[in-house]
Amino acid sequence: MRVLVAAVTVVVSAGCASSSDGESEASCEFRVEYDKRMYSDVANAQFKIGRKLGPAVFPPCDDSSDDGGGQASPDSTTAYAIEGVDPGIAIAVDDAPDDVLFAVDSDDGLPPEVKKLIKAS
């Protein structure tokens, strides 16, 4: 079955920002953990959903003083394969916008399988 990811509004921000008084303001990256791997979001991707893989979690923010000292519970979601891409490289999840996939964290940049899915602007 070929289905595009359902669009769900997710409010996230990446990295940390500085406030006007020089202190760092806490924020969270849009990441998901599946099968003991951490994946980071990749926007502007065009892909088709494959088979259901199983449960995944959005880790809680650990850099915010507003979440009980970093002790917030992770949010559950469902991971799906992306057609033509190994799930060890990239996945899709229920609770993400329709043009966002998640690629495994790598210091080498995005794998070629993921780069080919990014829409040209």
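# Close-ups of a predicted all-strand-plus-one-helix chain

**View 1. A salt bridge at the turn between strand 3 and strand 4.** Arg37 and Asp35 pair up in a salt bridge, with 3.3 Å between their closest N and O atoms. This is a predicted model, so read every distance here as a property of that model. Neither partner is hidden away or fully out in the open: Arg37 counts as partly exposed because its relative accessibility is 30%, and Asp35 is partly exposed too, at 49%. Asp35 also has a backbone role to look at, since in the hairpin of strand 3 and strand 4, with two residues between the strands, Asp35 takes a positive phi near 50 degrees.**View 2. The other residue of the loop, Lys36.** Lys36 sits in the loop between strand 3 (31–34) and strand 4. Is Lys36 buried or exposed? Lys36 has a relative accessible area of 81%, so it counts as exposed. For a distance to check in your viewer, take the C-alpha atoms of Lys36 and Ala56: they are 9.4 Å apart, with 20 residues separating the two along the chain.

**View 3. Strand 3, face by face, with strand 4 alongside.** Side chains alternate along strand 3: Val32 and Tyr34 point to one face and are buried, while Arg31 and Glu33 point to the other face and are not buried. Strand 3 and strand 4 run antiparallel and are joined by four bridges. For one of the residue pairings, look at Glu33, whose bridge partner in strand 4 is Met38.

**View 4. A salt bridge from strand 3 to the loop after strand 8.** The whole structure holds two salt bridges. The one shown here joins the side chains of Asp105 and Arg31, at 2.7 Å from N to O. Asp105 lies in the loop between strand 8 and helix 1 (112–115) and Arg31 lies in strand 3, so this pair ties together parts that are 74 residues apart in sequence. Asp105 is partly exposed, with a relative accessibility of 35%. Arg31 is partly exposed as well, at 23%. As a reminder of the chemistry, side chains of opposite charge can pair when their charged atoms come close.

**View 5. Phe30 against Phe102.** The count of aromatic pairs comes to three. In one of them, the rings of Phe30 and Phe102 have centres 5.1 Å apart and planes at 75 degrees, and because that angle is over 60 degrees the pair is edge-to-face. The partners come from distant parts of the chain, 72 residues apart: Phe30 is in the loop between strand 2 (24–25) and strand 3, and Phe102 is in strand 8. How buried are the two? Phe30 counts as buried at 6% relative accessibility, and Phe102 is buried with a relative accessible area of 0%. Add Phe58 to the view and you have one aromatic cluster, made up of Phe30, Phe58 and Phe102.

**View 6. Strand 8 and its partners.** Which strands pair with strand 8? Strand 4 (residues 37–42) is one: four bridges join it to strand 8 (residues 101–104), and the two run antiparallel. Phe102, the ring from the previous view, turns up again here as the bridge partner of Asp41. Strand 7 (residues 90–93) is another, antiparallel to strand 8 and joined to it by two bridges. On that side, Ala90 stands opposite Ala103 of strand 8.

**View 7. Thr78 and its surroundings.** Thr78 belongs to strand 6 (residues 75–82). Its relative accessible area is 17%, and Thr78 is buried because the cut-off for that label is under 20%. Which residues does Thr78 touch, leaving aside neighbours within four places in sequence? The contacts are Lys52, Gly54, Ala92, Val93 and Asp94. Two of those names, Ala92 and Val93, fall in strand 7, which spans residues 90–93.

**View 8. Zooming back out to the whole chain.** The chain has eight strands and one helix, and along the sequence the pattern reads β-β-β-β-β-β-β-β-α. Of its 121 residues, 35% count as buried. Among contacts between residues at least 6 apart in sequence, 62% join residues at least 24 apart; the Phe30 and Phe102 pair, 72 residues apart, is one example of partners from distant parts of the chain. The accessible surface comes to about 7600 Å², and carbon and sulfur atoms account for 47% of it.

Key. Residues are numbered from 1 along each chain as its sequence is written. This is a predicted model: local features need pLDDT of at least 70, side-chain atom pairs count only at pLDDT 80 or more; totals for chains, interfaces and linings use all residues. Side-chain values use heavy atoms; hydrogens and water are left out. Buried means under 20% relative accessible area, exposed over 50%, partly exposed in between (1.4 Å probe, protein chains only). Contact means heavy atoms within 4.5 Å. Two strands pair if DSSP finds at least two bridges between them. Rings of Phe, Tyr and Trp (its six-membered ring) pair if their centres lie within 6.5 Å; planes under 30 degrees apart count as stacked, over 60 as edge-to-face and the rest as tilted. A salt bridge is a side-chain nitrogen of Lys or Arg within 4 Å of a carboxyl oxygen of Asp or Glu. Accessible areas come from the Shrake-Rupley method with a 1.4 Å probe; for residues, only the protein chains shown count as cover.
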